[in-house]
Each structure stands twice: as C-alpha cells, then as structure tokens.
Amino acid sequence: MHTMPDEIEMKFQVDSLEPVRKVLRNLAAEYLGTVRQIDIYFDTPDGALRRSDCGLRLRRSRRLAGPALPPAGGALLTYKGPRRPHAGCKVREELQTRCDDAEAARRILRACGLVETLLIEKRRATYSLAGCLIALDTLPGLGQFIEIEATDEKKIHSVRRKLSLTGEPITATYAELLAARRKKK
C-alpha cells in the first residue's frame, strides 16, 4: 500500500452509491475490490489524542469481492495528525504501517497504556481514477459516503466534477460523525 505523508481527501455523504458506481463504470475506473473494515481507535485514558485532533487506528480488512486481497490476520496501524486549514479538502499528516499479527498489535497498544475508544465497521469498495483513490463506504447506522483521496488537490477537484458531487464536503471524521449521532440519541 502506498503511504502518503499527507492525507488529502474530500468526503461526501450521499443517499445512494449506485449513481457514482455507474459513472465510475462509464469512465472505466479501475475497480480495486470491496472489503469489510473494522477500525479500532485508541487514545490515552484522558483523551489527549482526540483533544489534539489526532487519531490512532488499528484496521482489519477482509476481502468481500474483487482483486484486492488484504493479508490474512494482519492489520494496518495508522496515526493521523491534526487537520490543517485548507480550502475544500481535509489535509492531515498520515503515517501507517502493516502489522502481521493484528491481535498482538492490539495487545501492544493496550500494554502501552492506550485504551480502545471506538469501533467502526464499514463496507468499502475502492476504485482508481485519474490519479485518485475513490472509496464508496457504507457504515451501518450512519449512511453512505464517497471519499476521494490523492496526493494533489487539483486531481481531487477534477474527479469530484467527473462524479458530479456537489455540495459542501464533509470535514468530520467517521469517528466524529458517529459521536455526534450518539449524542443526538
């Protein structure tokens, strides 16, 4: 997996992923596969990472369809730094590494005094188009989303136009969206 020093993305909530899937097929986007992801977020007991707008995530993925095949039993450990002000896109430092043993990584994080704060499950179909990764995400209880990620904001805006995504992008993380939904209940 290519790791970018900065994550540059736009996220949109949609009523249905089907219109975007159709456009992606018409544009001959490369289908990279569909996975089920389980993300476990960690923080210090006093919530210092969340308060500083940072995140630490351990992600397990299981292939559901398509050519992409996550490593069996492994996981991806990701640190996300604070968001930086940026017009239109969400930009933040992103550091990640693969772990061969997801359960051992989880135990190491706990042994270091970190606590599990949130579990997010989603179904993600990923496509590649014009230098961008496009993720079509379904999160139970939260809805359907499209994320466009690239190393260059211009590429993201170009793909956004090709996909006819209008409206304001969402800058909140899935963790923040889930927390806000829980507060409403």
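Which side chain does a polar contact join to that of Glu94? In this predicted model, the partner is Lys80, and the polar contact between the two side chains is 3.4 Å. Glu94 itself belongs to strand β5, which covers residues 90-99. With a relative accessible area of 5%, Glu94 falls under the 20% cut-off and is therefore counted as buried.

A good place to continue is the pairing of strands around β6. Strand β6, made up of residues 115-129, runs antiparallel to strand β2, residues 30-43, and 13 bridges join the two. Within this pairing, Glu30 can be found opposite Ser128 of β6. Strand β6 also pairs with β7, residues 132-139; here the strands are again antiparallel, and seven bridges join them. On this side, Thr126 faces Ala135 of β7, the two standing opposite each other. The hairpin formed by β6 and β7 has two residues between its strands, and in this hairpin Ala130 adopts a positive phi near 50 degrees.

The last stop is a loop residue. Thr173 sits in the loop that lies between helix α4 (153-162) and helix α5 (174-184). Is this residue buried or exposed? Thr173 has a relative accessible area of 15%, and because this is under 20%, the residue counts as buried. Leaving aside residues up to four places away in sequence, Thr173 touches Lys11, Arg83, Lys90 and Arg92.

Key:
Residues are numbered from 1 along each chain as its sequence is written. This is a predicted model: local features need pLDDT of at least 70, side-chain atom pairs count only at pLDDT 80 or more; totals for chains, interfaces and linings use all residues. Side-chain values use heavy atoms; hydrogens and water are left out. Helices (H or I, at least four residues) and strands (E, at least two) are DSSP runs, numbered from the N terminus. Buried means under 20% relative accessible area, exposed over 50%, partly exposed in between (1.4 Å probe, protein chains only). Contact means heavy atoms within 4.5 Å. Two strands pair if DSSP finds at least two bridges between them. A polar contact is a pair of N or O atoms within 3.5 Å; within protein, one must be able to donate a hydrogen and the other to accept it, and residues adjacent in sequence count only if both atoms are side-chain atoms.
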